[in-house]
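Trainee: I've just opened a structure I've never seen before. Can you walk me through it?

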Amino acid sequence: MSVESDFQKARIVDLNILNTHNAKGCEACNRKFNLGETVVLACGSWKDGCARLIHEQEAVFDKTTRSWYERVYYRSLKH
């Protein structure tokens, strides 16, 4: 049996996510979140090194690390 971590789950934006994360919006594409969109907790090149909630289409899932990465950041890791 496998247990999914927060870095593996995709989430649907609900009122809780909208109210707590929409001040900044998606830090990968700078758009605000909308109800019903899919978001993931992804690692990226942010200065504080913390993961962020971003739109799923702005992320890549790495099967090796079993984690989501912001798309541009992930490409920089592979080169």
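Trainee: Let me start with a detail: which residue in E3 is the bridge partner of leucine 41?

Mentor: That's leucine 53. Keep in mind that this is a predicted model.

Trainee: Okay. How do E2 and E3 run, and how many bridges join them?

Mentor: They run antiparallel, with four bridges between E2 and E3. E3 covers residues 52-55.

Trainee: Let me step back a bit. How many helices and strands does the chain have?

Mentor: Two helices and five strands. Going from the N terminus, the order is β-α-β-β-β-β-α.

Trainee: Which way does E1 run against E2, parallel or antiparallel?

Mentor: Antiparallel, and three bridges join E1 (residues 10-12) to E2 (residues 38-43). In one of those pairings, alanine 10 is matched with valine 40 in E2.

Trainee: And E2 with E5, parallel or antiparallel?

Mentor: Those two run parallel, joined by two bridges, with E5 spanning residues 67-70. Cysteine 43 has tyrosine 69 as its bridge partner in E5.

Trainee: Let's talk about the inside. How many residues are in the largest nonpolar core?

Mentor: It has 14 residues. The ones with the most contacts inside it are Val13, Phe33, Val39, Val40, Leu53 and Ile54.

Trainee: Which element gives the most to this core?

Mentor: E2 does, with four residues. Helix H1 (15-21), E2 and E3 each supply at least two. As background, nonpolar side chains tend to be buried together in soluble globular proteins.

Trainee: Leucine 53 has come up twice now. What is leucine 53 in contact with, leaving aside its neighbours within four places in sequence?

Mentor: The list is Arg11, Ile17, His21, Cys26, Phe33, Val39, Val40 and Leu41.

Trainee: What share of the whole chain is buried?

Mentor: Buried residues are 34% of the 79 in the chain. For the outside, the accessible surface is about 5,300 Å², and 52% of that belongs to carbon and sulfur atoms.

Trainee: Switching to rings. How many aromatic pairs are there?

Mentor: Three. Take tyrosine 69 and tyrosine 74: their ring centres are 5.6 Å apart and the planes sit at 40°, so that pair counts as tilted.

Trainee: Are those two tyrosines buried or exposed?

Mentor: Tyrosine 69 and tyrosine 74 are both buried. Ring pairs also link Tyr69, Tyr73 and Tyr74 into a cluster.

Trainee: Now the cysteines. How many disulfides are there?

Mentor: The count is zero. Cysteine 29 isn't in one, and the nearest cysteine sulfur, in cysteine 26, is 3.5 Å away. A pair would need its sulfur atoms within 2.5 Å to count.

Trainee: Why is cysteine 43 not bonded to cysteine 50?

Mentor: The sulfur of cysteine 50 is the closest cysteine sulfur to that of cysteine 43, but at 9.8 Å it's too far for a bond.

Trainee: How accessible are cysteine 29 and cysteine 43?

Mentor: Cysteine 29 is partly exposed, at 22% relative accessibility. Cysteine 43 is partly exposed too, with a relative accessible area of 24%.

Trainee: I'm curious about the loop between H1 and E2. Where does arginine 31 lie?

Mentor: Right in that loop between H1 and E2. Arginine 31 is partly exposed, with 36% relative accessibility.

Trainee: What does arginine 31 touch, not counting residues up to four places away in sequence?

Mentor: Gly25, Cys26, Glu37, His55 and Gln57. For a sense of distance, arginine 31 and isoleucine 54 are 23 residues apart in sequence, and 9.5 Å apart in space from C-alpha to C-alpha.

Trainee: One last topic, the backbone. What is the phi of asparagine 30?

Mentor: It's positive, about 65°, although asparagine 30 is not a glycine. Most residues other than glycine have a negative phi. Asparagine 30 is in the loop between H1 and E2, and it counts as exposed at 66% relative accessibility.

Trainee: And what about the phi of arginine 66?

Mentor: That one is positive as well, near 55°. Arginine 66 is in the loop between strand E4 (59-62) and E5, and at 43% relative accessibility it counts as partly exposed.

Conventions
Residues numbered from 1 in each chain as written. Predicted model: local features only at pLDDT ≥ 70, side-chain atom pairs only at ≥ 80, totals over all residues. Heavy atoms only, no water. Buried < 20%, exposed > 50% of the residue type's maximum accessible area, 1.4 Å probe, protein only. Areas by Shrake-Rupley, 256 points an atom, 1.4 Å probe, with all protein chains shown as cover. Pairing = 2+ DSSP bridges. Core = buried A, V, L, I, M, F, W, Y, C linked by side-chain atoms within 4.5 Å. Contact = heavy atoms within 4.5 Å. Phe/Tyr/Trp six-rings, centres within 6.5 Å; stacked < 30°, edge-to-face > 60°.
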